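Before reading on, please look over the sequence and the structure displayed here. The report that follows takes up burial, backbone geometry, helix packing and charged pairs in turn.

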Amino acid sequence: MGCNSSIQYEDRKSEKAIKAAVLIQNWYRGYKSRLELRRRQAMNIFESIEYADEQDQLQLANFFSFMLENYTTNNKDSSESLSQLFVNTTKRKLEPETFIRNINVPDTYYGPRLKFPLTFSDVILLIDAFKENQILHARYVLQLLQEVKKVLQQLPNIVPVTSTLSKDLTICGDIHGKLDDLFLIFYKNGLPSGNNRYIFNGDFVDRGQNSMEVLMVLFSFLLVYPSDVYLNRGNHEDYLMNMRYGFTKEIMQKYKEHGGKILRFLEEVYTWLPIGTIIDEKILVIHGGIAENTDLNILKQIKRNKMKSVLMPPITHSGVNLKYGHHDLPLSSISAIDQLSKIEWEQMVNILWSDPRSKKGCHLNTSRGGGCYFGPDVTTNVLDKFALKMIIRSHECKPEGYDICHDGKIITVFSASNYYEEGSNRGAYIKLGQDNVPRFFQYQSNHITQGKTLHERVDIVESAAFKILGERMISRQSSLIKAFHKYDPNNTGKISVRDWAKATEEVLELSLPWLSLCPRVVKMIENGYVLYEMGFKDMPVVKAPQEAKSATIETLVRYRSDLKIIFNIIDRDQSGLISMDEFRAMWKLFSSHYNIDIEDAHVDQLANSMDLNKDGSIDFNEFLTAFDVVHRLDRNSVKSQN
């Protein structure tokens, strides 16, 4: 009896322990699921705003055409410099080799001193230097770019690669200036070599802090192993994209004296990057995607170096009669314009910008503003037409670093971990053997989030997402209030949560789950109604001059990135200065094209206030910095420092 009682007691005890374990396990699964839901919601915010920014960037193409037709100035040099936007860089002479050799490398420079032709040892020295945060001297940067251009010019548009039994092939997606990720790939997978081949599928630069270092390492390996390292062009290998997304700024900060020359060299090197790689005539590797009319035969024949920027579409012949103020655009300039045809340009845009979707057909890529959304039927048709098995592409950040869709015929690989924020996503790369079966390898650089709990890591990602959402909302605050009033005809100061969501989507056009975001964004919800006049939670403020009116502040915050690109284009010598006359003329065109209703006199007053030494020139970067967005956390940290 005693023995049976003891067994029953132990059974009950064991049963309770199992139930407790199951309860804990279920709770933890629910806890992780809720955190994952928050992380994915944050990713959705990041992605929606990223694509909206790219759409704004691509819409600049329309403004450039408008600017070409209407830009007026009393300075003939300005009109000629503007026309250079539409003339291929190959028509502009770059500095000769003798000039580069004459750039002095001082004895105080302790970084790597490169000798050409490069060797594997040189690349190792370069990598070690970059790990120590050293900056490669401008002379070696320019030499390296010059040597890389010579190699790239010998390559076809779509480079054929043959798999072998002894040599694996690794495919990496977007790196975006994240040197830690590149070094982590090399640590896990080995350095490029004759037996360890790599394809880097575009978007080497922008967003990250070390785009120059990433580019120098990749270009160096290309020079040492030209038959085993392949570099495809991405949509960010584009000098106008670099102006918006950080690489131009990085270069000018690191290379103050020779930054302008480096930018001009890069502008041309970009145009010579191949647009794709084809493995065993079966697997096409391109950065973006395809469209229903994608034609590899056309793409193979295109003179790719004519594609300066996706923001520079082909000029129509009517351009011969366009006016530059008091000067006609010279016929010699128009005849010298070396550009793609409209069909060729569209083929290139689709290759660099398109995204796969589950919906059948080919539809305008409304999120990015360029390329298309292509469905599984489009994929099947293009693959069948060119006897292909699969397309490997990049271009989209994926939570796990890769994604498979269209019945395994489309694979996306993205190699920049923590792309939006520390902890936001993993990076990945693909390995292909002779059987051409992809194997996926994931990783995540975690210098900042190391040692933090899962909850803390999600908090970091989510906080950053709502930060950029707040910036978007503050730059359209008056439009939002106007939209809320439309749903509140009796001026009660409140609208239903559903109407609030509709109004917010109408203004911001971000395709976000506003119903669920509402409690996180608005200050007050009462009985299912949003008290919209109470404002938003934790909204950033704009650090603006006292004389600036609210409408002007909102406009300059909203269009700050666009204006910076436009002013940079006018500032061909990269001095950071433009004349007051140029500023006035450009603002008048910009406000006309974008239907901005702000008095010119008020903007003129603000510009004059930034001309501190009254020499008739304005530091446009300083002007735009005067309208920086400051977040609540940032303001608190500033106060604590004071």
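A residue is called buried when its relative accessible area is under 20%, exposed when that area is over 50%, and partly exposed in between. In this predicted model, asparagine 436 has a relative accessible area of 9% and is therefore buried. The residue sits in the loop between strand 15 (427-432) and strand 16 (438-443), and although asparagine 436 is not a glycine, its phi is positive, at about 60 degrees.

Serine 511 is another residue other than glycine with a positive phi, here near 55 degrees, and its place is in the loop between helix 17 (497-508) and helix 18 (514-521). Is serine 511 buried or exposed? With a relative accessibility of 59%, serine 511 counts as exposed. As background to these backbone details, most residues other than glycine have a negative phi, and most peptide bonds are trans. Against that background, the bond joining phenylalanine 116 to proline 117 is a cis peptide bond, with omega about 5 degrees, and proline 117 is found in the loop between helix 3 (97-101) and helix 4 (120-131).

Burial can also be followed along a whole element, as in helix 20 (residues 560-570), which is mostly covered, with nine of its 11 residues buried. Among the buried residues of helix 20 are the charged residues Arg560 and Asp562, along with Leu563, Ile565, Ile566 and Phe567.

Turning to packing, helix 5 (residues 138-153) and helix 7 (residues 211-224) lie with their axes 10 Å apart and at an angle of about 50 degrees, and the two helices are therefore oblique to each other. The crossing of helix 5 and helix 7 is left-handed. On the side of helix 5 the contact is made by Val141, Leu144, Leu145, Glu147, Val148, Val151 and Leu152, which meet Met212, Met216, Phe219, Ser220, Leu222 and Leu223 of helix 7. Of the residues in this contact, 11 are nonpolar, one is polar and one is charged.

Charged side chains also pair with one another, and a search of the whole structure finds 26 salt bridges. Three of them are set out below.

| Acidic partner | Basic partner | N to O distance |
|---|---|---|
| glutamate 54 | arginine 368 | 2.6 Å |
| aspartate 168 | lysine 431 | 3.9 Å |
| glutamate 213 | lysine 254 | 2.8 Å |

The salt bridge of glutamate 54 with arginine 368 joins helix 1 (residues 2-70) to the loop between strand 10 (362-364) and strand 11 (372-374), so the pair ties together parts that are 314 residues apart in sequence. Glutamate 54 and arginine 368 are both buried.

The salt bridge between lysine 431 and aspartate 168 links distant parts of the chain, strand 15 and strand 2 (residues 168-172), with the partners 263 residues apart. Lysine 431 counts as buried at 9% relative accessibility, whereas aspartate 168, at 25%, counts as partly exposed.

In the salt bridge of glutamate 213 with lysine 254, the first partner lies in helix 7 and the second in helix 9 (residues 247-254), so parts 41 residues apart in sequence are tied together. Glutamate 213 counts as buried at 3% relative accessibility, while lysine 254 counts as partly exposed at 22%. Finally, salt bridges that share partners join Glu54, Asp355, Arg357, Arg368, Arg393, Glu396 and Lys398 into one network.

How values were computed
Residues are numbered from 1 along each chain as its sequence is written. This is a predicted model: local features need pLDDT of at least 70, side-chain atom pairs count only at pLDDT 80 or more; totals for chains, interfaces and linings use all residues. Side-chain values use heavy atoms; hydrogens and water are left out. Axes are lines fitted to C-alpha atoms, for helices over the stretch in contact, and angles run from 0 to 180 degrees between N-to-C directions. Helices (H or I, at least four residues) and strands (E, at least two) are DSSP runs, numbered from the N terminus. Angles under 35 degrees count as roughly parallel, over 145 as roughly antiparallel, 65 to 115 as roughly perpendicular and the rest as oblique. A crossing is left-handed if the near helix is turned anticlockwise from the far one by less than a right angle, and right-handed if clockwise. Contact means heavy atoms within 4.5 Å. Buried means under 20% relative accessible area, exposed over 50%, partly exposed in between (1.4 Å probe, protein chains only). A salt bridge is a side-chain nitrogen of Lys or Arg within 4 Å of a carboxyl oxygen of Asp or Glu.
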